[in-house]
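Hi everyone, thanks for making the time. I'd like to walk you through a structure that is probably new to you, so settle in and have a look at the screen.

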Amino acid sequence: MGDCCTEFEIELYNTYPPNAGHEAVVIQQWTWAYDGYAVTLWFHPVEGTWTVLETSRYSDDVEF
């Protein structure tokens with residue numbers, strides 16, 4: 001979270017607010033592209049297991 005966040009990733013601040021000591025939290029971002037849209041999932045470690053933190057589904061023509 002130390003390098004976060006663009007407008008695209010802003011929802012991650014709901015769990016890890018800026019300037020609150022979360023700089024060392026590691027986030028993985030995975031994106032799948034489909035016909036006309038894409039889906040992105042952000043994962044964070046919870047008790048040693050990568051768990052989905054946030055998801056986003058958006059049209060191909062959306063600009064962040």
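I'll start with the overall layout, then visit a few residues one by one.

First, a caveat: what you see here is a predicted model. The chain has 64 residues, with 0 helices and 3 strands. So if you read from the N terminus, the order of elements is simply β-β-β. β1 covers 28-34 and β2 covers 37-46, and then β3 covers 49-59.

What about the overall dimensions? The C-alpha trace spans about 40 × 25 × 15 Å along its principal axes. As for the surface, the chain exposes about 4,600 Å², and 49% of that comes from carbon and sulfur atoms. On the inside, 23% of the residues count as buried. And here's one on contacts: if you take those with a separation of 6 or more, 22% are between residues 24 or more positions apart.

Okay, on to the tryptophans. Let's go to Trp 42, which sits in strand β2. Is Trp 42 buried or exposed? Its relative accessible area is 3%, so Trp 42 is buried. Which residues does Trp 42 contact, leaving aside neighbours within four places in sequence? There's a long list, including Phe 8, Glu 9 and Leu 12, then Ile 27, Gln 28 and Gln 29, and a run from Thr 51 through Val 52, Leu 53, Glu 54 and Thr 55 to Ser 56. If you want a distance to hang on to, the C-alpha atoms of Trp 42 and Thr 31 are separated by 8.8 Å, with their positions 11 residues apart along the chain.

Now look over at β1, where you'll find Trp 30 and also Trp 32. Trp 30 has a relative accessible area of 43%, so it goes down as partly exposed. Trp 32 comes out at 36%, and that makes Trp 32 partly exposed as well. Trp 30 touches Val 39, Thr 40, Leu 41 and Phe 43, once you set aside residues up to four places away in sequence. From Trp 30 to Thr 51, which is 21 residues along the chain, the C-alpha atoms are 12 Å apart.

So where do those two tryptophans show up on the surface? Trp 30 and Trp 32 join Tyr 34 in a nonpolar surface patch, and together the three have about 340 Å² of accessible area.

There's a charged patch too. Which residues gather in the patch of negative charge? They are Asp 35, Asp 60, Asp 61 and Glu 63. Asp 35 belongs to the loop between β1 and β2, and at 79% relative accessibility Asp 35 is exposed.

Next, a glutamate I'd like you to notice: Glu 9, in the segment before β1. Glu 9 is buried, yet it has no salt bridge. Where is the nearest side chain of opposite charge? That would be Arg 57, and it is 19 Å away. What Glu 9 does touch, beyond residues up to four places away in sequence, is Cys 4, Gln 29 and Trp 42. You'll remember Glu 9 from the Trp 42 contact list.

Glu 9 also takes us to the far end of the sequence. Phe 64, in the segment after β3, is 55 residues from Glu 9 in sequence, but the two are 9.4 Å apart in space, C-alpha to C-alpha. Phe 64 is in contact with Glu 7, Phe 8 and Tyr 58, leaving aside neighbours within four places. Phe 64 has 46% relative accessibility, so we call it partly exposed.

Last, a few backbone details. The peptide bond from Cys 4 to Cys 5 is cis, with omega near 15 degrees. Cys 5 is in the segment before β1.

Then there are two residues with positive phi that are not glycines. Asn 19 has a phi of about 55 degrees, and Asn 19 lies in the segment before β1. Glu 47 has a phi of about 50 degrees, and Glu 47 is in the loop between β2 and β3. How accessible are they? Asn 19 is exposed at 76%, and Glu 47 is exposed at 80%.

That's my tour. If you'd like to go back to any of these spots on the screen, just shout.

Technical notes. Residues numbered from 1 in each chain as written. Predicted model: local features only at pLDDT ≥ 70, side-chain atom pairs only at ≥ 80, totals over all residues. Heavy atoms only, no water. Patch = residues over 30% accessible without salt bridge, like charges linked within 9 Å, V, L, I, M, F, W, Y side chains within 5 Å. Areas by Shrake-Rupley, 256 points an atom, 1.4 Å probe, with all protein chains shown as cover. Salt bridge = Lys/Arg side-chain N within 4 Å of Asp/Glu carboxyl O. Lys, Arg positive; Asp, Glu negative; His and termini not counted. Charge placed at Lys NZ, Arg CZ, Asp CG, Glu CD. Helix = DSSP H or I, 4+ residues; strand = E, 2+ residues; numbered from the N terminus. Buried < 20%, exposed > 50% of the residue type's maximum accessible area, 1.4 Å probe, protein only. Contact = heavy atoms within 4.5 Å.
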